[in-house]
Amino acid sequence: MSFHPNDVARRARMSSMALAIGFVLLVGAFFKTQVVQYKQFVMQSEENRLRPIPLPAPRGIIYDRHGEVIAENLPAYSVSITAPSVDSLRSALAQLAPTLQLGQSDINNAIRRYRRAPTRPTVVLADASIDIVSVLEEHRLDFPRLIIQSVPKRYYPDGPSVASFVGYTGEITESDLNDPKYASYKPGQQIGKAGLEKQYEAILHGKEGVRFDEVDARGRPVRGEGPRPDLNPEGAPPLYTNIDLDLQKFTVELFADSLQGGAVAIDPNTGEVLALYSAPSWDPNKFTGGIPVEYYKQLLEDKRRPLVNKAIQGTYPPGSTFKLATSIIALQNGVVGVKEHMPVPCSGGYQFGNRYFRCWEKKGHGSLDLEGAIKHSCDVYFYQLGLKIGLAKFIAGGITLSMRDRSGIDLPEESQARWPYAVDYYNKKYGPRGWSNAETLNLAIGQGANSQTVVNMAKLYSAFATKGQAPRPEIAHLVPQRKQVFNLTSVQDSVVLEGLKAVLEAGGTAGASAIQGLTLAGKTGTAQNTGGDDHGWFVGFAPADKPKIVVAVLLEFGLHGSRAAHIASAIIGHYLKVGPIKATMDEG
Amino acid sequence: MMSRPIVSDVRLLAAAGLLSLFGVAMVYSAGQTDTPTAVATVYKSQILWLVIGMGFAYAIGHSSVRFIEWMTTPLYLFSIFLLGLTLVVGKGAGTAASTKSWLAIGSHRIGQPSEIAKVTVVLMLAKVLANQRETPKSLLDLWKPALVVGVPWLIIMLQPDLGTGIVFIGIFFAMLYWAGVAWPLLILIASPAISLILSFSVGLWGAWFFILLALVLWYRPYLIEGIVLMVLNVATGVIAPMMWEKLAPYQQNRLKVFIDPSADPRASGYHVIQSKVAIGSGGFFGKGFTEGTQKRLAFLPEQHTDFIFSVVGEELGFLGVTIALTLFLWLFLRITKIAERANDSFSSLVAFGLMSSWFVHVLVNVGMTLNLMPITGIPLPFFSYGGSFMLASWLAVGILMRISGEGRGSGLSLRR
């Protein structure tokens, strides 16, 4: 053995060196981990222990013009689960299924939500009943990853009465999530699906908050102070609308259960929508947190098609209500004088080529001037007026009156009105020789290639009521927009107005709907319906000299406009707070 | 004879004592979890074991090296007997529940004989090496030392306990080096194992083979030895894949996870990832004593035994880690000095052997918490909770005290 002190000293030196190297290497490794990579590991450690629980923000409350609540939030309970993997979520759901009364589709939905955002608690029940919640609370320890939260739930105190414009809320869908517009949204969140809720989603949504739960390695929440302060949800600001809830409910009552159709009331001076209703309606409260299959099926199978909004989606030939537009186009083009009579007096019909076009009044109206023609809605007069304008100018005039546009109301579902873009429309549709000037006659009395939404007709009559200033109908007050769609001389204007006023006087087409002590101006109309009974229109405004309200009413299968006129005048009467309307109905 | 001082080596005692107090504090902290477990009270028994260990150390410190040397053979044989017994009645524990490293009566675990064997093997190896007149120059000369380590090593590998096996190999090489065995010979001895490790890559193994060939031609061992060595290297390089198949699944997993911890983040890799997160998130000053969140919330596994150093890193930060490692370095340098100044070759070898045993423990255990070493379940001396190891460590401290006391430059001999 070589244990000479020199050898041993050399080995001791080498060993000490090896020890020092080992020490430096280890300390270096710790320096790298604890000082250089500190931030990365702190983040991982926080991620480990903190479980962020989203706190849904209450949606903005929707008020009517007088501060009455249209949409608010009620407390509800949501049940969600955090899971480290799909398999663990699956087994947890299988365990919970009997207690939560989960169906296969609920489970599939939960798994879909999880796949989309695995780090968020997966919503299992968006609106759990108090029974389920109390059972779960009892077994809380068995399901440490279960989160029972009090969440705001949308509620519409007047349910079906406001559904036509307020829409509803529901869980964001897979396709919505792929939409860049909803880039910041997470699965399981509630969004506006229709109506104002959808239109003003960005405003109504609010800002989700976060609560941080400290959890142990098994995902069990740990008692004690919050490890990090909550980020409180920011409730959305309220949305003030122009709706007059009282008038809205009154309108709903007028339709009762038997009538079907749409009604829109607008303040012509501002475009503010006072009431908008489509009958029959549906209950948006039932849609919140998932549409029940049974209810949805029932709505779909209803022949009256409650899911089609008849005020903004349904389009109908405007019929005689359009004759005013024909008059305006004629006056604008200077083809008729205010006292001018047409060459052929009305004898109950008009011979055009080899076709005989009837007037609705078989007895005939005789020879009328423009005012008389408007009052009596004489078809023969307007056939000839249309021919005088000529098809090309007529179509152009209609386009100027926004007959091809959406009214621009702040609802996402509005349909576009139908009106030819040019004479070429007929060439394209029927071939250059396949149609005759008879189309002009049809257009002149509001039939043919012309179908309008109720709201667009209300907009048109707002223009009539305000000397051509067509306002964009607005439910929520944002930026009013007006557009001058025609310019008449005061003489021309008064003739049109007098004609309209005369409609509701005795002898006019809606005489029975006149309101005592108030001058109404309006026009009835019949929309020819090839699939069944004709639809009845009335569009009008009051007071005639200084209009405060425009009402457009369409009754599906209402045969003629007098009944619609009756409803419209009731709405106007209620809004302007004048005496009760005459109860008699004249079907003439 | 001069009267013996109560403490023959203050620096040795200070280093070991400070490390033990540090360790007990960390075992206490390891028990402070949000969901209380059985670990909450183990620091009490750790203190008890420390006191018992110190008592033994005091007693041994007042015996003599000759007495220790005389006791070596019976102690060695007794520990071999206990190790053998584990194969018959052994129990597993913790992450290695399928192994047999614990001696137990019924379900009650008494202790791990391998911890005591670490000390007795050092003693026995020192005795055998010290009794050899010539420094071993060939592989054949090494048969006796190889036998001393080989027998307990085989039993331990049968338990199986990979970590302790590594410690024994570390002790073996370190003591041969201290005994003056030339380093080329040490490499030749180690070559089959290196071949085994490198066998996963044909290129690396091929390169190693040529280096080895050059070494053999340069060092010129006996012809037969040289041939046997090369054959062995080829054999291990080829049979390694078959050996791999023979490993227990948890051992395979641990080795796999060592190479890539993210491969299996929820199971085997979990330990290492959470340990690194704990240490890294400790930063420079740490989260505060007992305040480690990774530990509190049970993300850190085996926080009072194998991964106790992760608690140090998380709660006391880089500062605490550096202090702990510095204490170890101080202890090891002091023992090296003791080995250097020891009166006889037996004492010198014993001191160096005990030091190298601890060094391997520290290197492997601490390296493991940072994923620099595979997870082998090696405890950290003076820190990890465990009665046998605390007892064995303080037995070693006692032996070192005695050696130091009798060595040159100590109170018992003339200063240089």
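Colleague: Among contacts in chain B between residues at least 6 apart in sequence, what percentage join residues at least 24 apart?

Modeller: The figure is 69%. This is a predicted model, and every value here is computed from it. Chain B contains 15 helices and three strands, and 52% of its 416 residues are buried.

Colleague: Why are helix 5 of chain B and helix 6 of chain B called roughly antiparallel?

Modeller: Their axes cross at roughly 170°. An angle over 145 degrees counts as roughly antiparallel, and therefore the two helices are described that way. The axes of helix 5 (residues 143-158) and helix 6 (residues 162-178) of chain B come within 9 Å.

Colleague: Which residues make that contact, and how do they divide by class?

Modeller: Helix 5 of chain B contributes Pro145(B), Val149(B), Pro152(B), Trp153(B), Ile156(B) and Met157(B). From helix 6 of chain B come Thr164(B), Gly165(B), Phe168(B), Phe172(B) and Leu176(B). Nine of the contact residues are nonpolar, two are polar and none is charged.

Colleague: Which residues have the most contacts inside the largest nonpolar core?

Modeller: They are Met175(B), Ala351(B) and Leu400(B), in a core of 123 residues. Helix 13 (residues 308-341) of chain B gives the most to this core, 16 residues. Leaving out residues up to four places away in sequence, Ala351(B) touches Ile335(B), Ile338(B), Ala339(B), Ala342(B), Leu400(B) and Ile403(B). Another core, of 107 residues, lies apart from the largest one and has Leu196(A), Ala265(A), Phe322(A) and Phe541(A) among its members.

Colleague: How many residues of chain A are in contact with chain B, and which helix supplies the largest share?

Modeller: There are 34 residues of chain A in contact with 41 residues of chain B. Helix 1 of chain A supplies the largest share of the chain A side, 18 residues. Helix 1 (5-36) and helix 2 (38-49) of chain A each supply at least two residues. The chain A side has 19 nonpolar, eleven polar and four charged residues.

Colleague: What makes strand 11 and strand 16 of chain A the edges of their sheet?

Modeller: Each has a single partner strand, so one side of each is left without a neighbour in the sheet. The sheet is open, with five strands in the order 11-10-18-17-16 of chain A and antiparallel pairing. From one strand to the next the twist averages 5°.

Colleague: How do you know that strand 17 and strand 18 of chain A pair?

Modeller: At least two bridges are needed for a pair, and these two strands have seven, in the antiparallel sense. Val539(A), for example, stands opposite Ala552(A) in strand 18 of chain A.

Colleague: Which helices lie against these strands?

Modeller: Helix 19 (residues 454-465) of chain A packs on the sheet and touches strand 10, strand 17 and strand 18 of chain A. Its direction makes about 145° with that of strand 18 of chain A. Helix 20 (residues 490-503) of chain A lies across strand 16 and strand 17 of chain A, running at about 70° to strand 16 of chain A.

Colleague: Why does Glu556(A) count as buried?

Modeller: A residue is buried if 20 or more other C-beta atoms lie within 10 Å of its own. Glu556(A) has 22 such neighbours, and therefore counts as buried. Glu556(A) sits in the loop between strand 18 and helix 21 of chain A. Apart from residues up to four places away in sequence, Glu556(A) touches Gln260(A), Gly261(A), Lys310(A) and His535(A).

Colleague: Ala256(A) and Asn371(B) are also in loops; is each buried or exposed?

Modeller: Ala256(A) has 9 C-beta neighbours inside 10 Å and counts as exposed, the cut-off being 12 or fewer. Asn371(B) has 21 and counts as buried. Phi is near 50° in Ala256(A) and near 65° in Asn371(B). Most residues other than glycine have a negative phi.

Colleague: Where are cis peptide bonds found in chain A?

Modeller: One runs from Ala279(A) to Pro280(A), with omega near -5°. Pro280(A) is in the loop between strand 11 and helix 11 of chain A. Another joins Ala542(A) and Pro543(A), with omega about -15°. Pro543(A) lies in the loop between strand 17 and strand 18 of chain A.

Notes
Residues numbered from 1 in each chain as written. Chains lettered and ligands numbered in written order. Predicted model: local features only at pLDDT ≥ 70, side-chain atom pairs only at ≥ 80, totals over all residues. Axes fitted to C-alpha atoms, helices over the stretch in contact; angles between N-to-C directions. Helix = DSSP H or I, 4+ residues; strand = E, 2+ residues; numbered from the N terminus. Parallel < 35°, antiparallel > 145°, perpendicular 65-115°, else oblique. Contact = placed C-beta atoms within 7 Å. Nonpolar A, V, L, I, M, F, W, Y, C, P; charged D, E, K, R; others polar. Core = buried A, V, L, I, M, F, W, Y, C linked by C-beta atoms within 7 Å.
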